[in-house]
Amino acid sequence: MSQDSTTAPESARKLSGRRRREVVAVLLFSGGPIFESSIPLSVFGIDRQDAGVPRYRLLVCGGEDGPLRTTGGLELTAPYGLEAISRAGTVVVPAWRSITSPPPPEALDALRRAHEEGARIVGLCTGAFVLAAAGLLDGRPATTHWMYAPTLAKRYPSVHVDPRELFVDDGDVLTSAGTAAGIDLCLHIVRTDHGAEAAGALARRLVVPPRRSGGQERYLDRSLPEEIGSDPLAEVVAWALEHLHEQFDVETLAARAYMSRRTFDRRFRSLTGSAPLQWLITQRVLQAQRLLETSDYSVDEVAGRCGFRSPVALRGHFRRQLGSSPAAYRSAYRARRPQGDSMPHGVMESMVPAQASPHSRRAAAAASTPGQAAASAPVTEHGKTSSDMYATGPSRPSLPGQRSAP
């Protein structure tokens with residue numbers, strides 16, 4: 001999914017007379033990854049008017065003294081400095097070299113000035129950390145690579161970080177997830193400026209889809225954020241991941257952490273960047289995704305083994321997070337899998353938690369067709385049934401790849 005503003009926020013400013021909308025400044029720093037840096041250069045720096053793509057004027061600006069060293073030891077010399085940003089209607093920060101080190105103050109000042117004069121500010125991947133350091137993301141929705149989202153949320157608590165999105169358009173400030181999502185956001189900018197036909201023509205030239213469905217959830221893994229490793233909460237999180245098939249709710253996790261629910265919610269969000277309930281639902285969906293890939297359990301059985309009360313609850317959350325139904329996801333996954341790549345012997349038994357009943361483990365070990373696994377217990381929240389809990393919350397829009405900002 002992508003979060004896309006349909007109207008400019010009230011905070012958007014009129015573009016200064018000396019700035020031009022068709023001028024795009026790309027701000028490069030030493031130590032930046034070469035791939036993310038090349039994305040806006042390729043999208044906005046090549047004349048493709050013969051293909052029906054309106055032309056932009058590109059200004060490649062050094063955010064600090066050069067030469068700039070990139071990944072692989074390459075050295076670059078930017079033809080412009082920070083002063084050139086004063087002419088740009090769009091300023092792109094492709095990436096930042098370190099999520100723990102502060103960007104140069106001069107570059108942050110240039111970004112603030114550009115924003116105040118109405119320029120559109122864009123952060124690709126870890127470029128969001130530069131925008132956050134400049135204060136441009138305060139009180140706004142934003143995203144970055146899922147692996148760095150918890151750090152962004154912890155370092156800048158006033159930023160509303162959503163690690164599920166491929167990109168977030170908040171009108172005059174835009175951010176994207178990692179690497180290829182930068183292409184998605186740049187195509188979105190072209191679409192916003194010149195329409196779907198121009199963006200489609202550019203996508204054909206780049207040999208990429210004009211709009212991808214889904215979000216970052218499909219790429220998430222179960223590893224814990226680096227910052228949580230030494231925190232007492234890590235033990236609770238690890239326990240939850242090992243017991244997704246069992247009946248427990250956020251109150252249970254808070255009790256295991258010896259905290260009140262309110263304190264637990266606050267601590268959990270500060271460490272992971274996510275509300276505990278949303279995190280729990282996401283982990284259950286990820287577990288369902290793995291079972292759909294590695295087992296022959298029916299969708300009903302997968303729902304039970306992941307803590308969902310019913311297949312309806314699983315389907316709803318699965319579609320909202322991954323953009324397809326469980327059955328469609330399994331079919332697409334198996335269609336991509338090489339012929340003859342059968343499921344490893346014993347995978348059924350390994351998928352059954354050690355805490356499952358002996359009957360369940362015997363059934364799973366012998367299972368060769370769906371219908372033989374016992375469903376696990378539901379999760380409840382504040383006395384609600386699981387069906388009530390999973391039925392609540394904002395739903396995703398029907399248009400793949402977009403969501404309107406509130």
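**Exercise 1. Work out why Y56 counts as buried, and find its ring partner.**

Start with Y56: its relative accessible area is 8%, and the cut-off for buried is under 20%, so Y56 is buried. Keep in mind that we're working on a predicted model here.

Next, the rings. Searching the whole structure turns up six aromatic pairs. One of them joins F44 and Y56, with 4.9 Å centre to centre and 80° between the planes. Planes over 60 degrees apart count as edge-to-face, so that's the label for F44 and Y56.

Now place the two along the chain: F44 belongs to helix α1 (residues 34-45), while Y56 is in the loop between α1 and β3 (57-62), and twelve residues separate them. F44 has a relative accessible area of 1%, so F44 is buried as well.

**Exercise 2. Classify the pair F268 and W279, and say which parts of the chain it ties together.**

Geometry goes first: the ring centres of F268 and W279 are 5.4 Å apart and the planes meet at 65°, so this pair is edge-to-face.

Then the location. F268 sits in helix α9 (residues 261-272) and W279 in helix α10 (residues 276-294), so the pair links parts eleven residues apart in sequence. Both F268 and W279 are buried. To finish, add F264: together with F268 and W279, it makes up one aromatic cluster.

**Exercise 3. Describe the second largest cavity by volume and lining.**

The whole structure holds three cavities of 30 Å³ or more. The second largest has a volume of about 50 Å³.

Who lines it? V43, F44, G45, I46, D47, R48, V53, P54, R55 and Y56 do, so both rings from Exercise 1 are back, F44 and Y56. Sorted by class, the lining comes to six nonpolar, one polar and three charged residues.

**Exercise 4. Which rings have an arginine over them, R284 and R305 being the ones to check?**

Take R284: its charged end sits over the ring of F248, 5.0 Å from the centre. For R305, the ring is that of Y297, and R305 lies over its face at 4.3 Å from the ring centre.

**Exercise 5. Count the disulfides, then check whether C61 and C125 are buried or exposed.**

A disulfide needs two cysteine sulfur atoms within 2.5 Å, and by that rule the count is zero. C61 has a relative accessible area of 0%, so C61 is buried. C125 comes out at 6%, so C125 is buried too.

**Exercise 6. How many residues of helix α7 are buried?**

Helix α7 (residues 233-242) is mostly covered, with seven of its ten residues buried. They are L233, A234, V236, V237, W239, A240 and L241.

Note on methods: Residues numbered from 1 in each chain as written. Predicted model: local features only at pLDDT ≥ 70, side-chain atom pairs only at ≥ 80, totals over all residues. Heavy atoms only, no water. Buried < 20%, exposed > 50% of the residue type's maximum accessible area, 1.4 Å probe, protein only. 1 Å grid on protein atoms, 1.4 Å probe; cavity = no way out; pocket = protein on both sides within 12 Å on 5 of 7 lines; lining within 4 Å. Points joined across faces, edges and corners; volume = space filled by probe spheres on them. Helix = DSSP H or I, 4+ residues; strand = E, 2+ residues; numbered from the N terminus. Phe/Tyr/Trp six-rings, centres within 6.5 Å; stacked < 30°, edge-to-face > 60°. Lys NZ or Arg CZ within 6 Å of the ring centre and 35° of its normal.
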